[in-house]
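Subject: Model for your files

Hello,

Here is the model for you to open alongside this note. My notes on one sheet and one cavity follow it.

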Amino acid sequence: AVTAFTPVSGPNDVVLEVKVQIAYLPFPGTVLVTFGGVEVPSSVHASSNKKSSLVMFNTTKSLLGAIPVAIKPKKCLDPCVDQVNFTFTSLDASVPSLLAPPSGMASQQATLPKITLEKFPAQYSALAVTMVRTSNNTELACTVKTVDRIGALVQLDVDKPAAGLSDGKYSVRIEVTDTGGKKTVLIPSFVVYDGRAPKVVSYGPAEVPTVASAGGRLLQL
């Protein structure tokens, strides 16, 4: 069984090395790895043993979406009972992506927190930011005040909708239209809360033992 792998996703325009930890893969031996149904270069790390094997393989370019990955001992005939399967997510490198997306804001704020993106197109014909209320799918258009380029990044300064925002859960949809068509970026979870109401920002400890000792005596909750 696959116990872990990293990275779990990556851009489709580069070749990445993926490291996969597999429990009880037949050892020692060589492996065969297919990425999207095509065999790709792979190796087994020298630290591997009967209990845990570390397999490395290279992705291929161009494939997009959820890419099936299969790993099996090279001499294992199909259907191979020792084959393990998982999915790698290949992302469109041409689509802008978010850097540390904001998670929420107080309803009293006039503007949304700064939105920072990478891979933003150098030229675009339209840019729209819309907030969508999760409970009823109501769409609220926002006004983009400024688009600031900071090196390879772009930072958006966005006013909240003219109708205002009530407390609750939203998603934020950012649509950029360039020469290649519309590209959509989504902040799937965005919370609006009452900034004047008491709000827990942190607490600790998060847990306590039910059994402890003090002065040589055993105490139990």
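Two strands count as paired if DSSP finds at least two bridges between them; strands are DSSP runs (E, at least two residues), numbered from the N terminus. The model is predicted, so local features need pLDDT of at least 70 and side-chain atom pairs 80 or more, while totals for chains, interfaces and linings use all residues. Residues are numbered from 1 along each chain as its sequence is written, and side-chain values use heavy atoms, without hydrogens or water.

The sheet is open, has eight strands with mixed pairing, and runs in the order β10-β12-β15-β14-β13-β16-β17-β11. Its edge strands, each pairing on one side only, are β10 (97–99) and β11 (104–106).

At the β11 edge, three bridges connect β11 in parallel to β17 (residues 181–193), with Met105 opposite Val192.

Elsewhere in the sheet, β13 (residues 126–133) and β14 (residues 139–150) are antiparallel over four bridges. Val129 faces Cys142 across this pair. Their hairpin has five residues between the strands, and Asn137 has a positive phi near 60°. β14 also runs antiparallel to β15 (residues 153–159), over seven bridges, and Arg149 is opposite Val154. That hairpin has two residues between the strands, with Gly151 at a positive phi near 65°.

The largest cavity is lined by Pro11, Asn12, Val14, Leu16, Phe35, Thr59, Thr60, Phe88 and Ser90. (A cavity is a set of points on a 1 Å grid over the protein atoms alone where a 1.4 Å probe fits but cannot get out; lining residues have an atom within 4 Å of a point.)

Regards

Note on methods: On a 1 Å grid over the protein atoms alone, a cavity is a set of points where a 1.4 Å probe fits but cannot get out, and a pocket is an open set with protein on both sides within 12 Å along at least five of seven lines; lining residues have an atom within 4 Å of a point.
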